[in-house]
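Hello,

Here is the structure I promised to pass on to you. Have a look at it first, and then read on for what turned up in it.

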Amino acid sequence: SGCGSLISSQFSFIPTASTNPKAALKSKIVAEFRPQSLIDELLLYKRSEDQIELKEKQLSTMRVDVCSTETLKCLKGKA
């Protein structure tokens, strides 16, 4: 009980959302934040990275000269 009043007196200087428009905006942003679209984008990015890694491994096992434009055209046709 003594600590509660001490803590509340220590933090009484923090502006509330109603008195500080910047704090109100931050509160609104946090309240409206929906991470699902971010999660979806990150999953898509991860899948893309996995595909790149897989294709790099496939190329390395094929021992293909990736500097040859003719070879790359052939590979592109197979993809």
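Let me start with the surface. Phe33, Leu38 and Leu42 make up a nonpolar patch there, and together they have about 310 Å² of accessible area. Leu42, one of the three, belongs to helix 3, which covers residues 36–62. Please keep in mind as you read that this is a predicted model.

Next comes helix 2, residues 21–32. How far apart are its end C-alpha atoms? They are 16 Å apart, and this agrees with the 16 Å that 12 residues should span at 1.5 Å a residue. Of those 12 residues, the number buried is 1, so helix 2 lies largely in the open. At the N-terminal end of this helix you will find a cap: Asn20 places a side-chain oxygen 3.0 Å from the backbone nitrogen of Lys22.

Now for the charged pairs. How many salt bridges does a search of the whole structure find? It finds 3, and here they are in turn.

In helix 2, the side chains of Lys28 and Glu32 meet in a salt bridge, at 3.8 Å from N to O. Why are these two about one helical turn apart? Because they sit 4 residues from each other in helix 2. Lys28 has 48% relative accessibility, so it counts as partly exposed; that class runs from 20% to 50%.

Helix 3 holds Lys46 and Asp50, again 4 residues apart and separated by about one helical turn. Their closest N and O atoms are 2.8 Å apart, forming a salt bridge. Are they buried, exposed or partly exposed? Asp50 is partly exposed, with a relative accessible area of 35%, and Lys46 is partly exposed too, at 48%.

Glu53 and Lys57 form a salt bridge as well, with 3.4 Å between the closest N and O atoms. Both lie in helix 3, with a spacing of 4 residues, or about one turn of the helix. Glu53 has 40% relative accessibility and therefore counts as partly exposed.

There is a simple reason to look at such spacings when you turn the model around. An α-helix has 3.6 residues a turn, so residues three or four places apart point the same way.

If you would like a place to begin, try the cap formed by Asn20, then follow helix 2 along to Lys28 and Glu32, and go on to the pairs in helix 3.

Happy exploring, and best wishes

Note on methods. Residues numbered from 1 in each chain as written. Predicted model: local features only at pLDDT ≥ 70, side-chain atom pairs only at ≥ 80, totals over all residues. Heavy atoms only, no water. Patch = residues over 30% accessible without salt bridge, like charges linked within 9 Å, V, L, I, M, F, W, Y side chains within 5 Å. Areas by Shrake-Rupley, 256 points an atom, 1.4 Å probe, with all protein chains shown as cover. Salt bridge = Lys/Arg side-chain N within 4 Å of Asp/Glu carboxyl O. Expected span 1.5 Å × (residues − 1). Buried < 20%, exposed > 50% of the residue type's maximum accessible area, 1.4 Å probe, protein only. Polar contact = N/O pair within 3.5 Å; in protein donor to acceptor, adjacent residues only side chain to side chain.
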